[in-house]
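Student: I would like to look closely at the aromatic side chains of this protein. Please guide me through how they are placed and what surrounds them.

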Amino acid sequence: MRTVKELIERYSGQHKEFLYYVPIIEKAERNEVEHPDITIECCGSLFQGIAKSIVYRLDPACDRLAFEDKSLHQQVKAMATLLKANDDVFEDEFVRNCETLSRNIGTLRNSRGDISHGRAVPKELQSDRSLSRLVLNLSEALLRYALASFFALQSQPEDEVDYDENPDFNDFLDEEYDFGGKPLYSLALYQQYREDYLIRLEEYREAQEILDE
């Protein structure tokens with residue numbers, strides 16, 4: 001979950017309220033080995049909380065009282081669908097993956113969660129480390145992409161990102177998508193699909209930070 005935490009902190013100047021999720025991320029990481037069900041439950045809480053936060057911001061007319069009564073996977077699907085409606089990067093397959101993972105996390109949380117549901121001891125059902133690691137990794141990938149897309153939608157790209165200030169990234173895109181004599185892919189992406197450009201730029205910066213460590 002490190003990349004999700006770093007992404008939230010990077011945008012904390014504009015969206016400081018999302019720092020609320022950092023302690024939950026840290027709790028998920030801290031309990032992966034000793035208390036895998038707590039890690040899984042934290043992932044469910046992150047999906048649910050972030051989904052609500054994004055939906056309420058992208059759909060001001062949303063009936064919050066009714067939305068609170070929806071299941072976890074319904075709330076996550078609504079988030080992914082809203083992002084897809086605003087950003088062509090989000091494909092139908094991504095929406096289905098978000099819904100499927102959140103549905104499975106919700107099922108695990110209801111049957112094995114240690115916090116939302118008090119358990120008699122010894123517990124009849126207990127997750128292992130390998131499952132908590134899988135849930136943690138999948139949750140990190142999907143939540144990071146959702147947040148990166150949301151932050152890109154909410155930012156003012158014309159003021160914050162200048163095409164000419166990112167030559168290394170532009171060269172990276174142009175080498176990956178070489179159209180020969182046609183217009184540069186990076187410039188076309190920047191001019192016509194700004195949100196997509198910002199998401200790819202965010203991913204590129206994260207990859208460079210990992211290489212520099």
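Tutor: Let us begin with Tyr56, which counts as buried because its relative accessibility is 11%, and the cut-off for buried is under 20%. Phe67 is buried as well, at 4% relative accessibility. Please keep in mind that this is a predicted model. We shall return to these two residues after a look at the other rings.

A pair of aromatic rings is described by the distance of the centres and the angle of the planes. Searching the whole structure gives 14 aromatic pairs. One of them joins Phe18 and Phe150, with 5.7 Å from centre to centre and 45° between the planes, a tilted arrangement. Phe18 sits in the loop between helix 1 (2–10) and helix 2 (22–30), while Phe150 belongs to helix 7 (residues 129–154), so this pair ties together parts that are 132 residues apart in sequence. Phe18 is buried, its relative accessible area being 0%, and Phe150 counts as buried at 0% relative accessibility.

Now we can return to Tyr56 and Phe67. Their ring centres are 5.8 Å apart and their planes stand at 70°, so the pair is edge-to-face; planes over 60 degrees apart count as such. Tyr56 lies in helix 3 (residues 36–58) and Phe67 in helix 4 (residues 64–68), 11 residues apart, and the pair links these distant parts of the chain.

Phe18 and Phe150 also belong to a wider group: together with Tyr11, Tyr20, Tyr21 and Phe151 they form one aromatic cluster.

Helix 7, which carries Phe150, also packs against another helix. Helix 6 (residues 92–112) and helix 7 pack at an angle of about 140°, with their axes 11 Å apart. That angle makes helix 6 oblique to helix 7, and the crossing of the two helices is left-handed. Aromatic residues take part in this contact too: on the side of helix 6, the residues that meet helix 7 include Phe94, Cys98 and Leu101, and on the side of helix 7 the residues include Leu138, Leu142 and Tyr145.

Finally, a word on the cysteines. The structure holds zero disulfides. For Cys43, the closest cysteine sulfur is that of Cys42, 7.1 Å away, which is too far for a bond, because a disulfide requires the sulfur atoms to lie within 2.5 Å. Cys43 is buried, with 0% relative accessible area, and Cys62 is buried at 16%.

Definitions and conventions. Residues are numbered from 1 along each chain as its sequence is written. This is a predicted model: local features need pLDDT of at least 70, side-chain atom pairs count only at pLDDT 80 or more; totals for chains, interfaces and linings use all residues. Side-chain values use heavy atoms; hydrogens and water are left out. Buried means under 20% relative accessible area, exposed over 50%, partly exposed in between (1.4 Å probe, protein chains only). Rings of Phe, Tyr and Trp (its six-membered ring) pair if their centres lie within 6.5 Å; planes under 30 degrees apart count as stacked, over 60 as edge-to-face and the rest as tilted. Helices (H or I, at least four residues) and strands (E, at least two) are DSSP runs, numbered from the N terminus. Axes are lines fitted to C-alpha atoms, for helices over the stretch in contact, and angles run from 0 to 180 degrees between N-to-C directions. Angles under 35 degrees count as roughly parallel, over 145 as roughly antiparallel, 65 to 115 as roughly perpendicular and the rest as oblique. A crossing is left-handed if the near helix is turned anticlockwise from the far one by less than a right angle, and right-handed if clockwise. Contact means heavy atoms within 4.5 Å.
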